[in-house]
Each structure stands twice: as C-alpha cells, then as structure tokens.
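Here are my notes on this model, in the order I'd go through them with the viewer open. Have a look at the structure and then follow along.

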Amino acid sequence: MSPLGMSPSGPWSRGFRRRLFVGLLVLLLAVGVLVPDAVGAAGTGGSGTAATPDRARYDVDLRSDADGSRWTGRQRVSFRNASDRPLHEVYLRLWGNGEDGCGGAGAPGVHSPVVVSGVRGGTAGPLAVNCTALRIALPRPLAHGERASVAFDVSITVPERNARFGREGAFRFLGNALPVLAVHDAKGWHLDPYVAVGESFYALTGDFRVRLDHPSDLEVPATGRTGTRPAGPGRAVTVSVAERVRDFAWAAGPFRTAAETTPGGVRVRSYWAPGTPAAGVRLNRAEAVAAVDRFGREFGRYPYGEIDLVMTAGFGGGMEYPGLVLLGTTQEGSAVVHELAHQWWYGIVGNDEYASPWLDESFAQYANFRFYGLETRDCWADVYWPDDGTVLTASMEYWSRHRDAYHLVYSAGPCALADLERTLGSDTMARLLARYARDHWYGVSTTEDFKRAAQSMTDVDLGPFWESHRIR
C-alpha cells in the first residue's frame with residue numbers, strides 16, 4: 001500500500017516537502033484515516049521453530065457470474081511440515097472477510113464475502129478472529145517433512161465498496177480474496193486481526209495454479225504468467241501459474257490493454273478502465289518499465305517474468321500483490337514505483353506485515369525516493385513524533401490505535417534509511433541491500449535481521465543510530 005508516486009517531473013517538483021505532503025495526503029485517504037471506507041498488501045530459526053506449513057501448492061478452479069461479482073468453485077492446497085514438531089492442524093486465513101467480519105453469518109441468506117464449505121482432508125472448526133481464520137484439524141499428526149493436503153469449496157462475493165477487495169463501477173478487484181495458509185513459527189500460530197489501515201498479512205511463499213472461468217468480454221489480469229482461451233459461447237478461461245509467491249490476486253472488467261517488454265526481459269501488461277487519464281496511464285507504463293529493471297539491478301533480478309498494472313481513476317492510492325498492482329491513476333500518474341518496489345520488499349523478501357510494517361512500507365518508499373532522486377537531507381522537517389514512546393518499528397496493533405501517526409512508516413522510515421545510507425556510504429548501502437535481499441530471497445526477515453546485516457557492513461557501532469532513529 002502506498003501514497004502517490006512522487007515524480008520530480010510532475011507538478012510538485014518545486015520541493016521535496018510539498019511532494020511529501022501530497023503523497024502523505026493521498027496515503028491518508030487511501031488507508032482510511034480521512035475516509036473510513038477507502039482502501040488501505042520460508043522462515044528461519046531452529047528446526048523446532050521453523051515457519052510451517054511451507055512449500056504450499058494451491059490449485060484453484062473458479063467460475064464467475066456475468067460481471068465478475070461472484071466466483072464459486074474449488075480449491076486444494078497441499079503443504080509440508082517444516083517443523084520437527086508434529087503438525088496437528090492448519091489454519092486458513094480468509095482475509096476477504098476482514099472488513100465485514102462474519103457479515104451476519106447465521107442469519108438467513110446473509111454470509112461473509114468469502115465462504116469455505118465442504119472441507120476434505122481434515123475437520124473444519126468454527127470460524128475465528130472475526131471470521132478471518134478457519135482451523136482445520138488434520139486426520140493424523142503430520143511429521144517433519146511429510147506432506148498433506150486439504151480441499152474445500154469456496155464462494156467469493158465482491159463487496160460493494162471501492163477497495164482492494166471491492167469494486168469500482170464495472171470493475172472488480174480481488175485482492176486478498178483467496179484463502180491462504182496461516183503461518184506457525186516459534187511464536188505459535190499467527191492469527192492477527194485484519195486492519196483496514198495498512199496490512200495484517202503474513203504468508204510463506206507457495207505455488208499457485210489458478211483457473212478462472214469468466215465471460216469473454218471481461219479482461220482478467222492476475223498474479224503470475226497468464227493465458228486466456230475461449231471456453232464455449234460467451235465464456236473464456238484464464239489460467240495463471242505463479243511460483244514462489246505469497247498471495248494471489250486478480251481483477252475483472254472491460255479493461256483496455258497494452259503490453260511491452262522491458263530491456264531486462266520483464267513483460268509489463270497494462271490494464272486500465274475507460275476514463276482513466278491517458279497521461280497518467282502513459283506515465284505509469286513508462287515508470288514501471290524503468291523501475292522494474294532498475295530495482296532488478298539494485299536488489300536482484302525480478303523473478304516472475306510478468307507484472308500487471310491495473311489502473312482506474314477512482315481507486316484510492318495503490319495496493320501491491322505479487323505480480324499485480326492496483327493503482328488509482330491521475331494525470332500525474334500514481335504510486336506505481338512504490339508498488340513495484342513492494343515486489344521485492346514484502347513479495348520476495350518477506351516480513352510479517354502486522355508485526356513489522358516498516359520492513360516493507362519504509363523500504364518501498366526509500367526505493368521510491370531513490371528512483372526519483374529526491375533530496376532527503378531535509379525530510380525530517382516533516383516528521384512529528386506524537387510522543388516519546390512512538391517507535392518506527394511499532395506493529396499494526398499500535399498504528400491501528402494511532403491512525404494519525406501511521407504516516408511515519410512512509411516519512412520517518414525512508415528518512416531513517418537515507419540517513420543510514422549517509423552513515424555507511426552510498427556504495428556500502430547498495431551492497432547491504434543487495435546482500436540482504438539475497439540472504440532472505442523468498443524467505444522472511446525481521447528488524448533484527450536487518451540490523452545485523454547493516455552492522456556487518458561497518459566497524460562503527462550502529463547502536464546509537466538505531467536508538468536515535470527509533471528502530472528498536
């Protein structure tokens with residue numbers, strides 16, 4: 001999730017502070033601080049504490065109604081127990097129920113947006129965590145290294161709100177709609193609540209094969225490498241295959257489309273709603289082509305082959321998913337560079353977004369600043385800490401209670417990383433980020449991991465730096 005991309009070629013080029021203010025204003029609108037209904041996104045350790053279940057394989061077959069508002073079908077997920085401890089259960093996260101909760105579940109004809117039924121391969125318990133978590137007891141304990149699978153029927157109804165899981169006119173957005181496995185590690189099961197401000201999401205990488213049967217007049221951009229073929233009168237099937245991704249998202253609607261390949265070989269596919277400003281669409285496409293190759297050189301080659309840009313005029317801010325980003329687009333563009341940076345900072349180098357949101361949002365915004373060559377020496381002038389107890393590394397539990405301070409992960413965070421660059425030197429900082437990404441490629445990182453990585457690059461004690469920058 002992000003504020004408006006801040007290009008120095010746009011109307012705010014007269015000063016960093018003005019660009020930052022506008023970006024944060026759009027961010028606040030996007031995450032619901034100012035508009036409540038707007039949009040807000042393999043572990044390490046000893047063998048007994050390894051993040052599990054891992055190496056998940058998701059096979060999904062869904063069919064939509066006439067306009068992409070409802071999708072029904074089947075899903076199967078197989079997985080491995082990476083821990084030495086027997087696995088007795090798994091949890092599905094039904095993040096699509098986050099805004100509506102149980103949605104009056106139990107009342108005749110009233111259901112949550114995402115409904116799982118007919119579970120096979122285990123015994124389903126009652127929904128928990130406001131209907132965003134479903135426990136499935138396995139028929140027998142799963143030993144270390146063993147695989148098992150569960151299957152179920154799924155029904156997804158797109159809510160009538162303009163959001164990452166929602167709709168805008170004839171266009172449907174299905175972000176965080178597909179059930180995914182929760183993570184168990186040394187801290188136990190991660191069953192944190194959904195937050196509308198920011199993200200709660202935490203997942204290990206897995207492989208997805210998703211078959212989407214839909215009306216042929218709908219374009220369906222999706223995570224992964226996709227292909228569409230006819231499937232009977234008035235219908236088409238889009239099949240998407242994605243490997244080593246943390247989530248799967250798609251959209252549906254009468255989009256206009258274009259595609260081009262970057263010099264580095266990444267396919268950039270653009271989808272935009274009629275009425276989206278043409279200048280913004282062109283700018284998004286150009287900046288996406290430049291950014292995906294640049295970040296590939298800086299952080300490691302983009303591994304997924306394809307990235308989809310889904311653009312409308314009314315979507316609030318932006319939202320990232322592996323291989324697909326949702327973008328509210330104006331004449332001046334959007335947050336496309338920030339969202340593409342998220343392909344590395346959360347997508348490839350994973351983190352627990354509920355526990356440590358700065359690890360993806362601050363890093364993506366720092367990459368955004370570097371892309372545009374913004375001057376950051378005076379950026380602290382726009383940072384206000386509400387009290388001495390506020391730290392940059394706070395969790396979403398804290399930011400949800402202090403919504404007016406959440407912008408700090410987008411302002412103080414990249415300022416702190418820019419200061420670290422000045423402390424280490426630009427060449428050393430570049431080597432640090434490349435090494436840090438390589439060491440956690442497809443894995444999960446923590447604040448302590450990053451601090452250790454940074455300290456390994458210098459003989460200077462960084463303890464005072466972390467303390468003064470509230471990285472604790």
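1. Let's begin with a strand pair. β3 (residues 87-93) and β6 (residues 133-142) run antiparallel to each other, joined by 6 bridges. If you want a spot to click on, take Y91, whose bridge partner in β6 is R135. Keep in mind that all of this is a predicted model.

2. β6 has a second antiparallel partner to look at: strand β5 (residues 123-128), with 4 bridges between them. Here A128 sits opposite A133 of β6. The two strands form a hairpin with 4 residues between them, and V129 in that hairpin has a positive phi near 50 degrees. V129 is not a glycine, which makes that phi one to check. Is V129 buried, partly exposed or exposed? It is partly exposed, at 27% relative accessible area.

3. R55 is another non-glycine residue with a positive phi, again about 50 degrees. R55 belongs to strand β1 and counts as exposed, because its relative accessibility is 53% and the cut-off for exposed is over 50%. Just before that strand there is a cis peptide bond, from T52 to P53, with omega near -10 degrees. P53 itself is in the loop that links α1 (16-31) to β1 (54-64).

4. Now for confidence. The mean pLDDT of the protein chain is 90, with 89% of the residues at 70 or more. The stretch to be wary of is residues 4-47, where pLDDT stays under 50. The model still has 108 contacts for that stretch beyond four places in sequence. Where pLDDT is low, the predicted coordinates should not be read in detail, so I'd leave those contacts out of any close reading.

5. For the overall picture, the protein chain has 9 helices and 21 strands. Of its 472 residues, 60% are buried. The accessible surface of the chain is about 17600 Å², and carbon and sulfur atoms account for 51% of that.

6. Which residues touch the most other members of the largest nonpolar core? They are I156, W250, L420 and F450, in a core of 131 residues. Take F450: beyond its neighbours within four places in sequence, its contacts are W358, F363, L417, L420, L432, L433, Y436, S445 and W466. A separate core of 5 residues lies apart from the largest one, and its members include A51, V183, L204 and V444. As background, nonpolar side chains in soluble globular proteins tend to be buried together.

7. There is an open sheet of 5 strands, in the order β17-β18-β19-β21-β20 and with mixed pairing. Its edges are β17 (256-261) and β20 (318-321); each has a single partner strand, so one side of each is left without a neighbour in the sheet. From one strand to the next, the twist averages 15 degrees. β17 pairs with strand β18 (residues 267-272) in the antiparallel sense over 6 bridges, and T261 stands opposite R267 of β18.

8. A further open sheet has 3 strands, ordered β8-β9-β16, with antiparallel pairing. β8 (165-168) and β16 are the edge strands here, and as each has a single partner, one side of each lacks a neighbour in the sheet. The twist in this sheet averages 15 degrees from one strand to the next. Strand β9 (residues 171-174) is joined to β16 by 3 bridges and runs antiparallel to it; R172 faces A252 of β16 in that pairing.

9. Look next at F248, in the loop between β15 (235-245) and β16 (250-252). Is F248 buried or exposed? Buried: its relative accessible area is 0%. Setting aside neighbours within four places in sequence, F248 is in contact with L174, L178, F208, V210, A222, T223 and S240. V210 is 38 residues away from F248 along the chain, and their C-alpha atoms are 8.9 Å apart.

10. Last one: A288, which lies in helix α2 (residues 278-299). A288 counts as buried, at 0% relative accessibility. Which residues does A288 contact, leaving aside its neighbours within four places in sequence? V268, L309, V336 and L340. The C-alpha atoms of A288 and R269 are separated by 9.9 Å, with their positions 19 residues apart along the chain.

Conventions
Residues numbered from 1 in each chain as written. Predicted model: local features only at pLDDT ≥ 70, side-chain atom pairs only at ≥ 80, totals over all residues. Heavy atoms only, no water. Pairing = 2+ DSSP bridges. Axes fitted to C-alpha atoms, helices over the stretch in contact; angles between N-to-C directions. pLDDT = per-residue confidence, 0-100. Contact = heavy atoms within 4.5 Å. Core = buried A, V, L, I, M, F, W, Y, C linked by side-chain atoms within 4.5 Å. Buried < 20%, exposed > 50% of the residue type's maximum accessible area, 1.4 Å probe, protein only. Areas by Shrake-Rupley, 256 points an atom, 1.4 Å probe, with all protein chains shown as cover.
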